[in-house]
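Hi,

Here is the structure I promised to pass on. Have a look at it first, and then read my notes below.

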Amino acid sequence: MPSLPFSEPSGFTEEAMKGGQYRIAYTAPADDVTAKTVADRTLARAAQVTLDKGNEWFEIASKIDGKSDGKRMQTLIIQMGKGESLAGGPKQYDAKQTLASLKGKIS
């Protein structure tokens, strides 16, 4: 049986990391998906994972954009919390508000 070339699957992956951080990654299903759509879908998934884990907000510690086989990808490393937020900087998001604002944009 011939071996098939490696191809990055589309969709989301999440991974718990040290210090309560999570890695949220998204690979678009087609090469015609815009960078903005990929960013919105990744941000929405980060918000959903935050809520699923019983938290209220998340802060983006780092972001990596890329391409594989012509498909756009984005990875976010997030720190989640509830109640009192961290510094409240521009990379911090209220999970419920983020999901509500992206609802019509991520189809």
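Let me start with a loop: Asp 69 is found between β3 (57-68) and β4. Keep in mind that this is a predicted model. Phi of Asp 69 is near 50°, a positive value in a residue other than glycine. Is Asp 69 buried or exposed? It is exposed: the relative accessible area of Asp 69 is 52%, and the cut-off for that label is over 50%.

Now for the overall layout. The protein has two helices and five strands, and along the sequence they come in the order β-β-α-β-β-β-α. It has 107 residues, of which 34% count as buried. If you take the contacts with a separation of 6 or more, 63% of them are between residues 24 or more positions apart.

On to the strands. β1 (residues 11-16) and β2 run antiparallel, with six bridges joining them. The two form a hairpin that has four residues between the strands. In the turn, Gly 19 has a positive phi of about 70°. If you want to find the pairing by eye, look for Ala 16, which stands opposite Tyr 22 in β2.

β2 also pairs with β4 (residues 71-81): seven bridges join them, and these strands run antiparallel too. Here you can use Ala 25, whose bridge partner in β4 is Thr 75. How many of the seven residues of β2 (residues 21-27) are buried? Five are, so the strand is mostly covered.

Next, helix α2, which spans residues 95-102. Its buried residues are Ala 95, Thr 98 and Leu 102. They lie on the same side of α2, because the arc they cover around the axis is only 65°. What do they pack against? The partners are α1 (35-52), β3 and β5 (92-94). On the face turned away from the buried side you will see the exposed residues Lys 96, Gln 97 and Ala 100. The N-terminal end of α2 is capped by Asp 94, which has a side-chain oxygen 3.2 Å from the backbone nitrogen of Lys 96.

Then the aromatics. A search of the whole structure turned up two aromatic pairs. One of them is Phe 58 with Tyr 93: the ring centres are 5.2 Å apart and the planes are at 20°, so this pair is stacked. The label follows because planes under 30 degrees apart count as stacked. Phe 58 sits in strand β3 and Tyr 93 in strand β5, so the pair ties together parts that are 35 residues apart in sequence. As for accessibility, Phe 58 counts as buried at 0%, whereas Tyr 93 is partly exposed, with a relative accessible area of 25%. There is another ring to look at as well: Arg 45 lies over the face of Phe 12, at 6.0 Å from the ring centre.

Both of the aromatic residues in that stacked pair come up again around Leu 43. You will find Leu 43 in helix α1. Its relative accessible area is 15%, so it is buried; the limit for that is under 20%. Which residues does Leu 43 touch, leaving out those up to four places away in sequence? They are Phe 58, Ile 60, Leu 76, Tyr 93, Thr 98 and Leu 102. Two of those names, Thr 98 and Leu 102, are buried residues of α2. As for Gln 74, its C-alpha atom is 9.5 Å from that of Leu 43, with the two positions 31 residues apart along the chain.

One last spot, also in α1: Thr 37. The side chain of Thr 37 makes a polar contact of 2.9 Å with the side chain of Thr 34. Thr 37 and Ile 106 are 69 residues apart along the chain, and their C-alpha atoms are separated by 6.6 Å.

That is what I have for now. Write back if you want to go through any of it together.

Cheers

How values were computed. Residues numbered from 1 in each chain as written. Predicted model: local features only at pLDDT ≥ 70, side-chain atom pairs only at ≥ 80, totals over all residues. Heavy atoms only, no water. Buried < 20%, exposed > 50% of the residue type's maximum accessible area, 1.4 Å probe, protein only. Pairing = 2+ DSSP bridges. Arc of directions from axis to C-beta. Contact = heavy atoms within 4.5 Å. Polar contact = N/O pair within 3.5 Å; in protein donor to acceptor, adjacent residues only side chain to side chain. Phe/Tyr/Trp six-rings, centres within 6.5 Å; stacked < 30°, edge-to-face > 60°. Lys NZ or Arg CZ within 6 Å of the ring centre and 35° of its normal.
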